[in-house]
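Here is a short guided tour for anyone meeting this structure for the first time. Please take a moment with the sequence and the model, and then read on.

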Amino acid sequence: MAENGWAVLDCDEIARQVVAPGERGLKRLVAGFGPAIVMADGTLDRGRLRQMMLETPDVKHQLDRILHPLIEERMKVLMDIELTETSHRVAAVEVPLLFESGLDGNFDLNIAVVGQHDRLVSRISQRDQVSEHKAESLLALQMDQQEKSRRADYTIINNRGVAQLFELVDKLMDKIEKE
């Protein structure tokens, strides 16, 4: 999308920003979960927090209540900057937990990128460097793929490689720009 002239924001990156040392997000997480979630260098211990989420279901809800408003606030500021202070006409925002976070109402349209269950488990396992069993548990915390597709305006099925994904995205962008 960026290669085709759209501004692209990544909420995973924004989430990392709001929990950086000294940021409100990290301070609120420490207040909610204790100092054990911070590593010696002052950064968030993501592995420990991930383990807490898997062991205690309410931890994810508490984490979401703390971080989602901060992520949404920063996302809106960055989106406004991209659309008013640059030459971009369109902004696309990657939101991994779009519907779960309730952020879908912020956008003119929503695109779900879904995939086969076993591929998703494998990708999570590789990305987070966790066992497939833990990846399965992390995936279970998310909304079902069919429900995401049902709620989205458009769905991209990502079961192959990057080249096919880019091709599907290009086709969808052409369709959206024509509409």
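## Paired strands

Strand 1 and strand 2 run parallel and are joined by four bridges. One of the pairings to look for is aspartate 10, whose bridge partner in strand 2 is glutamate 94. Strand 1 also has two faces: Ala7 and Leu9 sit on the covered one, while Val8 and Asp10 belong to the uncovered one. Please keep in mind that this is a predicted model.

A second pairing brings strand 3 together with strand 4 (residues 154–157), again in the parallel sense and over four bridges. Here alanine 112 has threonine 155 of strand 4 as its bridge partner. The side chains of strand 3 alternate along its length. Ala112 and Val114 point to one face and are buried, whereas Ile111 and Val113 point to the other face and are not.

## The chain as a whole

Now step back and look at the full protein chain. It has nine helices and four strands, and along the sequence they follow the pattern β-α-α-α-α-β-α-β-α-α-α-β-α. The radius of gyration is 17 Å, close to the 16 Å that the globule rule gives for 179 residues, so the chain is as compact as a globular protein of that length.

The C-alpha atoms fill a box of roughly 50 × 40 × 25 Å along the principal axes. Of the 179 residues, 35% count as buried. Among contacts between residues at least 6 apart in sequence, 62% join residues at least 24 apart.

## Helix 1 and its buried face

Helix 1 makes a good next stop. At its N-terminal end, aspartate 10 acts as a cap, with a side-chain oxygen 2.8 Å from the backbone nitrogen of aspartate 12.

Which residues of helix 1 are buried? They are Cys11, Ile14, Ala15 and Val18. Seen down the helix axis, these buried residues fall within an arc of 105 degrees, so they line one face of helix 1. A general rule helps here: an α-helix has 3.6 residues a turn, so residues three or four places apart point the same way. The buried residues of helix 1 pack against strand 1 (7–10), helix 2, helix 4 and strand 2 (91–94).

## The nonpolar cores

The largest nonpolar core has 39 residues. Those with the most contacts inside this core are Leu29, Phe33, Leu49, Leu67, Val93 and Phe107. Several elements give two or more residues to the core, including helix 1 (11–18), helix 2 (24–33), helix 3 (46–55), helix 4 (57–84) and strand 3 (111–114). Helix 4 gives the most, with eight residues.

Leucine 67 is worth a closer look. Leaving aside residues up to four places away in sequence, leucine 67 touches Val18, Val19, Gly25 and Leu29. Apart from the largest core lies another one, of nine residues, among them Ala92, Tyr154, Leu172 and Met173.

## A look at methionine 79

Is methionine 79 buried or exposed? Methionine 79, which has its place in helix 4, is buried, with a relative accessible area of 14%. The cut-off for buried is under 20%.

Not counting residues up to four places away in sequence, methionine 79 touches Leu9, Ala91, Val93 and Phe107. Methionine 79 and valine 93 are 14 residues apart in sequence, and their C-alpha atoms are 8.2 Å apart in space.

Conventions. Residues are numbered from 1 along each chain as its sequence is written. This is a predicted model: local features need pLDDT of at least 70, side-chain atom pairs count only at pLDDT 80 or more; totals for chains, interfaces and linings use all residues. Side-chain values use heavy atoms; hydrogens and water are left out. A nonpolar core is a set of buried Ala, Val, Leu, Ile, Met, Phe, Trp, Tyr and Cys residues joined through side-chain atoms within 4.5 Å. Buried means under 20% relative accessible area, exposed over 50%, partly exposed in between (1.4 Å probe, protein chains only). Contact means heavy atoms within 4.5 Å. Two strands pair if DSSP finds at least two bridges between them. The arc is that of the directions from the helix axis to the C-beta atoms. A polar contact is a pair of N or O atoms within 3.5 Å; within protein, one must be able to donate a hydrogen and the other to accept it, and residues adjacent in sequence count only if both atoms are side-chain atoms. The radius of gyration is taken over C-alpha atoms; the globule rule is 2.2 Å times the number of residues to the power 0.38.
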